[in-house]
Amino acid sequence: MAALTAVAAVTALGVSGAPATAGEGPAGPRAGGAPSGISKLTGELTTPWGISFLRGRDAALVTERDTAEVWKVALDGAKKKVGSVPNAVWHKQTQDKGGLLGVATSPTWNGTTDKDVFFMETTATDNRVVKMRFDGTRLSHYTPILTGIVRDTQHNGGQIAFGPDGYLYVATGDAQKSRLAQDKKSLNGKILRITRNGAAAPGNPFGTRVYSYGHRNPQGLAWDRAGRLWSTEIGADAWDELNLVKPGRNYGWPTCEGACRAGGMTNPKMVWKPEEGGVPAQIAIVNNVIYASTLSGHRLWRVPIDSTGQDVGRATAYYKNAYGRLRALVKVPGADQLWMGTSDRGTDKDLILKVTIK
């Protein structure tokens, strides 16, 4: 497992404003580093969905979608169960893709004066963002801060992350009700920007919680070195997307999937065919290079941000079919490393892998 799996080179630069398309040609130079090794960090997990590092601690919190349990995982791979998030539901029999999803620790968490950690979960009635307290040992004090996001068996979004501005960003799916993505009064099919209490963050483009709209099922959120927000989005049948997200922009769904000619829509920066290495889950950025895990694609993509910061270069795929479905992904603070989780292998069969970037 420690050996680097053979690299599959794909994807060419977009031209004339069109998004780059995965699977089109040889890889470009490896500016900004590239994966040089992979190893097992820890195992015996059941569908890890989200990972968030604790400020000032050499450990991260890891959520399990199916069990609603939360683990504290140290840099050496040692793990300890620290509690669960109430009300999260997931049903294998109905292929309900809800459950316990993203996790975001407070940027100022210290386990004493600031114990706040945040989760997104699918309950029996809705998707919601909740706040809990974590003292470094146990979770407590379950408090919903944003409820009423429409839920379904699919398209629940689920990623949450604090931005450089200190506000919480929330990726929501359209809950298989595509019209909601274009409804600016709906919380669904959006990227939301909220305070720690769930209110609309100051400066939002519409004066509501909505930051961007026209999304189908976004699951990746990450910021580059200039503070620009990037997001991956699972499409329907034709194209999955990598988007550069800007406030107030409309990303097209359901009018468009992939590149769009309709007025007022913002095109993706890169697209994948679902059957050709696509269905991107989460992203992390190391040295201004985007890394995207994929579910059906069974690989990790490396996508360099270009010198303008407004577009991307040629993408390269790593670990093709080596570890199965890949979802949870995060940069290790202070290191050129990624933690990446396998997904859907079965009870206690999933892994967290450590990827070294050189």
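Here are some exercises with worked solutions on a predicted model.

**Exercise 1. A four-stranded sheet**

Work out the strand order of the open sheet that holds S3, S24, S25 and S26, and name its edge strands.

*Solution.* Begin with the order, which is S3-S26-S25-S24, with antiparallel pairing. Next, look for strands that pair on one side only: these are S3 (35-45) and S24. Finally, check how the neighbours are oriented: ignoring direction, they are turned by 20 degrees against each other on average.

Now go through two of the pairings. S3 and S26 (residues 350-357) run antiparallel and are joined by 7 bridges. Across this pairing, isoleucine 38 stands opposite valine 355 in S26. S24 and S25 (residues 337-342) also pair in the antiparallel sense, over 4 bridges. Here leucine 326 has threonine 342 of S25 opposite it.

**Exercise 2. Strand S24 and its hairpin**

Decide whether S24 is largely enclosed or not, and find the residue with a positive phi in the hairpin of S24 and S25.

*Solution.* Take the burial of S24 (residues 326-331) to start with: 5 of its 6 residues are buried, so the strand is largely enclosed by the rest of the structure. Then move to the hairpin, which has 5 residues between the strands. In this hairpin, glycine 334 takes a positive phi near 75 degrees.

**Exercise 3. Classifying aromatic pairs**

Classify the ring pairs Phe53 with Trp339 and Tyr169 with Trp223, and say where their residues lie in the chain.

*Solution.* A pair of aromatic rings is described by the distance of the centres and the angle of the planes. Searching the whole structure gives 9 aromatic pairs. For phenylalanine 53 and tryptophan 339, the ring centres are 4.7 Å apart and the planes are at 50 degrees, so the pair is tilted. This pair links distant parts of the chain: phenylalanine 53 is in strand S4 (residues 48-53) and tryptophan 339 in S25, 286 residues apart. Both phenylalanine 53 and tryptophan 339 are buried.

Turn now to tyrosine 169 and tryptophan 223. Their rings are 5.0 Å apart centre to centre, with 70 degrees between the planes, and the pair is edge-to-face. Tyrosine 169 belongs to strand S13 (residues 168-171) and tryptophan 223 to strand S16 (residues 218-223), so the pair ties together parts that are 54 residues apart in sequence. Tyrosine 169 and tryptophan 223 are buried. One last step: ring pairs link Tyr169, Tyr211 and Trp223 into a cluster.

**Exercise 4. Charges over rings**

Find which rings have the charged ends of lysine 79 and arginine 216 over them.

*Solution.* Lysine 79 places its charged end over the ring of tryptophan 71, 5.0 Å from the ring centre. For arginine 216, the ring is that of tryptophan 253, and the charged end is 5.5 Å from its centre.

**Exercise 5. A five-stranded sheet**

Give the order of the open sheet of 5 strands and the type of its pairing.

*Solution.* Reading across the sheet, the order is S2-S19-S18-S17-S16, and the pairing is mixed. The edge strands are S2 (20-21) and S16, each pairing on one side only. S16 pairs with S17 (residues 229-233) in the antiparallel sense over 5 bridges. Within this pairing, serine 231 in S17 is the bridge partner of leucine 221.

**Exercise 6. Nonpolar cores**

Identify the largest nonpolar core and the strand that gives the most to it.

*Solution.* In soluble globular proteins, nonpolar side chains tend to be buried together. The largest core here has 18 residues, and those with the most contacts inside it are Tyr291, Tyr319, Leu338 and Met340. S20 (280-286), S21 (289-294), S24, S25 and S26 each supply at least two of its residues. S26 gives the most, with 4 residues. Leucine 338 touches several residues beyond its sequence neighbours, among them Tyr291, Leu329 and Val355. A second, separate core of 17 residues includes Ala20, Ala222, Ile305 and Ala317.

**Exercise 7. Placing alanine 262**

Determine whether alanine 262 is buried, partly exposed or exposed, and locate it in the chain.

*Solution.* Alanine 262 is found in the loop between S18 (240-245) and S19 (270-272). Its relative accessible area is 31%, so alanine 262 is partly exposed. Leaving out residues up to four places away in sequence, alanine 262 touches Thr255 and Cys256. From glycine 198, alanine 262 is 64 residues away in sequence and 33 Å away in space, C-alpha to C-alpha.

Methods
Residues numbered from 1 in each chain as written. Predicted model: local features only at pLDDT ≥ 70, side-chain atom pairs only at ≥ 80, totals over all residues. Heavy atoms only, no water. Buried < 20%, exposed > 50% of the residue type's maximum accessible area, 1.4 Å probe, protein only. Pairing = 2+ DSSP bridges. Phe/Tyr/Trp six-rings, centres within 6.5 Å; stacked < 30°, edge-to-face > 60°. Lys NZ or Arg CZ within 6 Å of the ring centre and 35° of its normal. Contact = heavy atoms within 4.5 Å. Axes fitted to C-alpha atoms, helices over the stretch in contact; angles between N-to-C directions. Core = buried A, V, L, I, M, F, W, Y, C linked by side-chain atoms within 4.5 Å.
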